[in-house]
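Here are a few exercises to work through with the model open in your viewer. Try each one before you read its solution.

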Amino acid sequence: MKVYLDNAATTCLDNEVFEAMVPYMKEEFGNPSSIHAYGRKTRSAIENARKTVAKLLNVAPAEIFFTSGGTEADNMAINQSVHSLGIRHVISSKIEHHAVEHTLQVLEKEGRIKLSWVNVDRKGNIDLQHLEELLKTNDRSLVSLMHANNEIGTLLPIKKVGELCQKYDALFHSDTVQTMGHYKMDLQDINVHFITCAAHKFHGPKGVGFLYINHNVKIQPMIHGGAQERNMRGGTENLYGIVGLAKALEIANRDIDEHIRHVRGLKNYMIEQLQQHIPGIEFNGETGDKSLYTVLNCCFPDHPDAEMLLFNLDIAGIAASGGSACSSGSNQGSHVLRALGCNMERPSVRFSFCKYTTKEEIDYTVEKLVSLYKEAKTLAK
Ligand SMILES: Cc1ncc(COP(=O)(O)O)c(C=O)c1O
C-alpha cells in the first residue's frame, strides 16, 4: 500500500484543475502582454483568474498580485513594507516559516529593522498580551504572524490580531499558505494588509501563488522588469499556473464543508487510535478546534530517532515528514519544535492529510507505527 500523508509539503494536482490548465499549455499560448488576438485571449484568462480569486476572498481584483508562490509573496510583503513604507520595527514569532523568518533576519542583519519576537506558549499559541505590549512600546510596526503553523498546525486568532494591529496603527502580514483553500476567508472581516498563497497546497500547480495587498497600502515592486501585474511584478506570467490556481481555489471553496468534515474526522480518528495503541504518545501543537485540521504532529516515546522512523515508514510506503519540506534532510531538527521547547530527543513526525486521504490509509499507518514502535522498544531492551 502507498500512503501519502505529507500534504502540508505539497498536494497532488486535482484532475479538474489539470483539465482547466491543458488548453493554456497548448493552443492558448499567446503572451498575455501581446496586443494581438493570441495575447488578448490569455490576458483575459489571467484577469478572469484574478476575478475568481478576488471574489472568493471578498476583495477587489486589483488587490491580487500573482507570484511564483508563497515564498516570493512573503518576501514581497515584508521587504516592500520596509523599503516602501518606512517600517523600521517588525514583530514576528520564532515559529514562522523560513520564508518569513529568514527574510526578517536578513533585514535585521542589514540594520534596516529592529526585530521583536512575540512570546509563544508550548502549543504554539501567540501571547496576545505580549503582542499588545510590543505594539504599544514601539514605533509603527509591521506584524508578521502566520495563520496556521505548517509544522504543528496551531491556528492564530487572526481576527483578534488584526484588531490589535488596527488599534496601534500597525501593518499586518499573515502567511496564509497553509490555510488558503482550507478555510473560507472573507477579508472584509479581518483587518489584514497582506496575505499569501501557494496553489500547490490545495491541489493546484506548483510554482504559482499570490500576494493580497490591501488597497490602502501602496508598495513598490520587488521584481523589476515589464509592466506585468500592474507594474508590480515584471516577467511573463505563469499563465497555466494562474489558471490552475484559480480553478483549485474555486474547487476548494466549493467543497470546503465536506472536506473539513472528512479530514477533521480522519485526524481525530488517528489521534484516538494512536493514543490507544502507543502509550505515552504526545502531540506537538494544538489538536482541537485551535488547530489546522489537515496537520497532526506526533511526538513518539521510546524510539531511537525520527529519521529512522521516517525511513522505516517510507519503506512501508508511507510518506510523512519530520518538519517542513525545506528543512527535512538538513539534519538540524525543526526550528519550530526547538522554539517551543519540545523534547528534541524524542522523534516527532508530521502527518498531514487531504480530501483524498482514506480511513484505510490511516489504519495502515497506525498499524505500521505500532509495529515499528514495538520493534524499537524490543531493541532498546
Ligand atoms: C507556511 C508556509 N509559508 C510559505 C511556504 C512557501 O511556499 P512555496 O514553497 O510555495 O514558496 C510554505 C511551504 O511549505 C509554507 O508552509
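**Exercise 1.** Work out the order of the seven strands in the open sheet, and find its edge strands.

*Solution.* In this predicted model, the strands run S2-S8-S7-S6-S5-S3-S4, with mixed pairing. Now look at the ends: strand S2 (64-67) and strand S4 (114-117) each pair on one side only, which makes them the edge strands. Neighbours in the sheet are turned by 20° against each other on average, direction ignored.

Next, zoom in on one pairing. Strand S5 (residues 141-144) joins S6 in the parallel sense, over three bridges. One residue to click on is Ser144, whose bridge partner in S6 is His173.

**Exercise 2.** Find which strands helix H3 touches, and which ones helix H5 lies across.

*Solution.* Start with H3 (residues 70-85): it packs on the sheet and touches S2, S5, S6, S7 and strand S8 (209-213). The direction of H3 makes about 155° with that of S7. Then move to H5 (residues 128-136), which lies across strand S3 (89-92), S4 and S5 and runs at about 180° to S3.

**Exercise 3.** Classify the two aromatic pairs by their ring geometry.

*Solution.* Take Phe29 and Tyr38: the ring centres are 5.5 Å apart and the planes sit at 50°, so call this pair tilted. Phe29 is exposed, at 58% relative accessibility.

For Tyr183 and Tyr293, the centres are 5.5 Å apart but the planes are at 80°; planes over 60 degrees apart count as edge-to-face, so that is the label here. Both Tyr183 and Tyr293 are buried.

Note on methods. Residues numbered from 1 in each chain as written. Predicted model: local features only at pLDDT ≥ 70, side-chain atom pairs only at ≥ 80, totals over all residues. Heavy atoms only, no water. Phe/Tyr/Trp six-rings, centres within 6.5 Å; stacked < 30°, edge-to-face > 60°. Buried < 20%, exposed > 50% of the residue type's maximum accessible area, 1.4 Å probe, protein only. Pairing = 2+ DSSP bridges. Helix = DSSP H or I, 4+ residues; strand = E, 2+ residues; numbered from the N terminus. Axes fitted to C-alpha atoms, helices over the stretch in contact; angles between N-to-C directions. Contact = heavy atoms within 4.5 Å.
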